[in-house]
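Student: Got a minute? I'd like to walk through this complex with you.
Tutor: Sure. Put it up and start wherever you like.

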Number of protein chains: 2
Amino acid sequence: MSRRRVTLADVAQASGVSSTTASLVLSGRGAELRISEGVQQRVRETSEALGYRPNIVSIGLRKGSSRTLGFVSDTVATSQLAGDMIKGALAAAREHGFMLFIGETEGDTKVERKLLDAMLDRQVDGIILASMFTRRRRLPSGLDHVPAVLLNALPQGSHVTIPTVVPDEHAAGREAARLLLDHGHRTIHLIGAGPGPDDVTPGTVAGRERLAGILEVLHEAGLEPASAHVCADWLPSYGFDAARDIIAAGGAAGAGGAAGGAGTAIISFNDRLAFGAYQALHEAGLTVPDDMSIVSFDDHPLADWLRPGLTTFAIPHHDLGRRAVELLLEGIAAPAGAADQAPAAVHRLPMPLRERDSVRTVRATADGVGTAAGVPAG
Amino acid sequence: MSRRRVTLADVAQASGVSSTTASLVLSGRGAELRISEGVQQRVRETSEALGYRPNIVSIGLRKGSSRTLGFVSDTVATSQLAGDMIKGALAAAREHGFMLFIGETEGDTKVERKLLDAMLDRQVDGIILASMFTRRRRLPSGLDHVPAVLLNALPQGSHVTIPTVVPDEHAAGREAARLLLDHGHRTIHLIGAGPGPDDVTPGTVAGRERLAGILEVLHEAGLEPASAHVCADWLPSYGFDAARDIIAAGGAAGAGGAAGGAGTAIISFNDRLAFGAYQALHEAGLTVPDDMSIVSFDDHPLADWLRPGLTTFAIPHHDLGRRAVELLLEGIAAPAGAADQAPAAVHRLPMPLRERDSVRTVRATADGVGTAAGVPAG
DNA sequence: ACGGGGTGCTAAATCGGGTTAGCACTGCTA
DNA sequence: TAGCAGTGCTAACCCGATTTAGCACCCCGT
């Protein structure tokens with residue numbers, strides 16, 4: 001603690017000018033308002049010498065803006081995946097000279113209300129409402145007064161005019177299925193959802209959309225999932241159980257050997273399920289990808305540690321966070337009222353493929369193509 | 001967006017009193033300054049009716065405080081472990097009506113400078129400087145004007161008067177060694193550091209302290225590590241290699257069988273190394289804990305997913321974050337100048353044991369006790 | 001009728017900047 | 001020498017609260 005901060009008045013006094021002049025010079029409006037070059041120079045020099053930094057709180061009070069955004073999420077910290085979303089948001093904000101308030105609700109509506117109020121009381125210029133897993137949510141009140149963006153969440157109603165950023169799960173689902181097909185696989189098991197388009201762990205948007213994409217491509221190829229396993233929760237132990245079921249049913253290609261022919265593969269609905277599946281396959285003496293190819297979603301850090309590395313579609317957390325901030329800043333820059341006209345677009349960000357070693361190419365057999373399920377290879 | 005916020009002046013006008021009176025009433029100083037009960041009631045009612053919320057920015061300008069803290073870290077989001085630290089800080093801050101600015105430097109000093117300035121410009125009441133892995137760091141300038149706390153980091157100099165919060169790695173090291181000893185193990189391999197107290201991956205405070213604690217206890221029991229493996233980085237692949245070396249050297253108890261007698265165990269310096277070790281043991285056909293017990297540090301989410309569950313000492317991230325905020329708030333509440341006198345204590349938080357299934361009890365053999373290393377079990 | 005002492009409230013300054021309106025001075029023209 | 005245009009700068013108000021100093025009124029005693 002020590003001496004007071006240097007204020008504009010200090011700079012003005014030290015330069016022998018009024019604070020108006022100092023303000024004008026330092027805000028770059030000196031030339032415009034005909035302040036002589038000599039005075040301008042003097043003010044800038046003393047400002048520099050004194051280490052003057054404008055007090056943003058004061059500016060905020062006057063201008064009604066704070067160059068600050070609020071980031072409210074349900075559970076950032078709990079999920080390992082979440083961090084990057086904040087990181088992307090942080091980076092984008094910093095590039096634009098904005099700071100971020102972070103808040104966690106843990107799913108508690110009352111806490112959310114309090115956080116929102118606390119942020120609004122601090123005059124944030126905009127709010128990002130983030131969710132750790134993609135879901136529909138209702139919008140809290142009070143967001144009509146301030147620009148807002150939904151991150152990794154979709155608004156409950158359909159008439160809501162609020163920009164939204166989500167991963168393109170449907171496209172990723174399509175690509176996952178396509179990938180296996182392109183590698184010659186025709187026997188494809190699903191761990192996490194299916195076989196019907198509604199057989200999904202309730203509440204998970206990602207599951208439903210991934211599944212829809214997968215089924216679309218399979219159907220286009222005249223295929224059905226060889227088997228499908230809805231899981232109560234997408235955790236390793238459920239993946240373990242599902243994989244063991246698949247093995248027990250003789251679903252693995254040539255159990256125990258690296259058989260050729262129509263390949264057998266698993267689409268796991270997330271990496272943690274895949275992790276469990278790895279364990280089950282390992283215990284059964286089967287190897288990935290020789291006996292079973294696996295493709296998954298999320299690109300959990302885990303995916304890179306597994307042996308062999310897990311091929312997976314990454315949730316673009318960093319991009320999601322960044323994009324949300326950029327959209328919000330656009331909304332803030334737009335003239336008030338314009339936001340009401342602008343289409344509250346849903347921005348779907350691509351999920352990039354992280355290709356590792358869990359998918360192998362198989363020779364397509366003549367009869368394999370177009371055959372639905374149950375092509376026994378052993 | 002819509003109509004202006006309700007200000008104190010609005011409440012005052014609607015109540016037919018001056019804004020002074022309104023302020024007095026709403027800040028609870030009404031009785032003290034002899035405002036009649038009738039007026040007080042009226043003001044409170046209109047305030048309620050209008051949904052008045054004081055503008056904290058304005059209060060901050062007047063009082064010089066913002067009820068806001070800055071949380072600057074090197075890499076919160078990168079590390080999976082980090083989230084909980086922020087979460088703890090967030091929770092503690094919220095309980096005291098404070099908000100948190102979060103900033104990430106990614107280890108870049110220039111970025112750190114900018115973030116600090118941006119936060120100071122916004123009149124934060126205090127700063128937390130956090131590090132993802134415990135390390136020594138120099139303090140940036142400008143923190144003499146504002147209360148600050150180091151989180152999961154130690155100041156470079158010794159004369160520095162800044163409170164510090166770190167996990168008690170040394171105690172955890174002792175407990176880890178003690179745990180294995182208590183379970184009858186006498187052949188103890190180290191993955192990540194050792195055998196000498198200086199054989200540590202450079203820069204890692206945790207490694208050095210954990211190792212010191214481990215060696216202390218081993219030496220007290222008249223033991224030396226059976227082997228030790230410094231790792232360039234604490235990642236699974238290094239743990240894999242180290243474990244394979246141990247297996248190759250015949251270090252596993254009765255390789256291939258669940259032999260009794262003097263138990264064989266590994267202390268892994270973190271969970272990711274342990275994960276790699278699991279994979280190596282698995283590939284070698286050895287089982288945990290029957291052929292090899294493992295105890296580790298960090299309590300990575302991974303630890304709970306592994307089969308069998310990994311027994312590990314948790315970094316108390318949540319507590320660390322919470323404690324840092326509490327210390328900071330104490331520093332803020334303390335009269336200016338008092339901080340200079342107060343001892344800048346280093347607060348070491350205990351690392352709780354998460355006991356799972358990777359350590360088994362072995363029958364202590366008579367000759368095992370007190371014998372150094374290399375008790376061949378097979 | 002006047003001073004003294006409460007009682008109940010408010011004007012005005014303050015925090016640190018931004019912004020508007022306009023003042024004082026010079027030099028040139030008519 | 002008044003009038004005008006330009007030039008260079010500043011006084012004063014504003015944002016939304018807190019806080020200090022003090023005003024106006026009433027009651028009471030003498």
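Student: Which helices each supply at least two residues of the surface near DNA strand D?
Tutor: Keep in mind that this is a predicted model. The helices are helix 2 (19–26) and helix 4 (56–63) of chain A, plus helix 2 (19–26) and helix 4 (56–63) of chain B.

Student: Which one gives the most to the surface near DNA strand D?
Tutor: Helix 4 of chain B, with four residues.

Student: And which residues come nearest to DNA strand D?
Tutor: There are 24 residues around DNA strand D. The nearest are A:S36, B:L8, B:S23, B:S58 and B:R62.

Student: What is the class split of the surface near DNA strand D?
Tutor: Eleven nonpolar, nine polar and four charged residues.

Student: Backbone next. Which side chain has an N or O atom 2.6 Å from a phosphate oxygen of DNA strand D?
Tutor: That is A:T21. Chain B has such approaches too. A polar side-chain atom of B:S23 sits 2.5 Å from a phosphate oxygen of DNA strand D. For B:Y52, the distance from a polar side-chain atom to a phosphate oxygen of DNA strand D is 3.1 Å.

Student: What share of the DNA strand D atoms within 4 Å of the protein belong to sugar or phosphate?
Tutor: 47%. The rest belong to bases.

Student: OK, the other strand. Which residues come nearest to DNA strand C?
Tutor: A:L8, A:S58, A:R62, B:T21 and B:S36, out of 25 residues around DNA strand C. Of the strand C atoms that come within 4 Å of the protein, sugar and phosphate account for 50%.

Student: Any base approaches there? What does the side chain of A:S58 have 2.5 Å away?
Tutor: A base nitrogen of DNA strand C, reached by an N or O atom of the A:S58 side chain. A:T20 has a polar side-chain atom 3.3 Å from a base oxygen of DNA strand C. B:T20 places a polar side-chain atom 2.9 Å from a base nitrogen of DNA strand C.

Student: Which helix gives the largest share of the surface near DNA strand C?
Tutor: Helix 4 of chain A, with five residues. Helix 2 and helix 4 of chain A, and helix 2 and helix 4 of chain B, each supply at least two residues there. By class, the surface near DNA strand C has eleven nonpolar, nine polar and five charged residues.

Student: Switching to the protein interface. How many residues of chain A are in contact with chain B?
Tutor: 59 residues of chain A, against 59 of chain B. The two chains bury about 5,400 Å² between them. Carbon and sulfur atoms carry 62% of that area.

Student: How many salt bridges cross the interface of chain A and chain B?
Tutor: Eight. One of them joins B:R307 and A:E283, at 3.6 Å from N to O. There are also 18 residue pairs in polar contact between chain A and chain B.

Student: Which elements of chain A each supply at least two residues of the side that touches chain B?
Tutor: Helix 4, helix 5 (83–95), strand 2 (99–104), helix 6 (109–121), helix 9 (236–248), helix 10 (271–283) and helix 11 (301–305). Helix 6 of chain A gives the largest share, seven residues. By class, the side of chain A that touches chain B has 28 nonpolar, 15 polar and 16 charged residues.

Student: Last topic, inside one chain. What are the domains of chain A?
Tutor: Domain 1 is 8–54. Domain 2 is 68–162 + 317–350. Domain 3 is 169–315 + 354–376.

Student: How many residues of domain 2 are in contact with domain 3 in chain A?
Tutor: Ten, facing nine residues of domain 3. About 760 Å² is buried between domain 2 and domain 3 of chain A, with 57% from carbon and sulfur atoms.

Student: How many salt bridges between domain 2 and domain 3 of chain A?
Tutor: One. A:E209 pairs with A:R348, with the closest N and O atoms 3.9 Å apart. The count of residue pairs in polar contact across that interface is also one.

Student: Which elements give two or more residues to the domain 2 side that touches domain 3 in chain A?
Tutor: Strand 3 (126–137) and helix 12 (317–333) of chain A. Strand 3 gives the most, four residues. By class, that side of domain 2 has four nonpolar, three polar and three charged residues.

How values were computed
Residues are numbered from 1 along each chain as its sequence is written. Chains are lettered from A and ligands numbered from 1 in the order in which they are written. This is a predicted model: local features need pLDDT of at least 70, side-chain atom pairs count only at pLDDT 80 or more; totals for chains, interfaces and linings use all residues. Side-chain values use heavy atoms; hydrogens and water are left out. Domain bounds come from an automatic or database domain assignment. Contact means heavy atoms within 4.5 Å. Buried area is the accessible area (1.4 Å probe) that two parts lose on being put together, summed over both. A salt bridge is a side-chain nitrogen of Lys or Arg within 4 Å of a carboxyl oxygen of Asp or Glu. A polar contact is a pair of N or O atoms within 3.5 Å; within protein, one must be able to donate a hydrogen and the other to accept it, and residues adjacent in sequence count only if both atoms are side-chain atoms. Ala, Val, Leu, Ile, Met, Phe, Trp, Tyr, Cys and Pro count as nonpolar, Asp, Glu, Lys and Arg as charged, and the others, Gly among them, as polar. A residue is near a molecule or strand if one of its heavy atoms lies within 4 Å of it.
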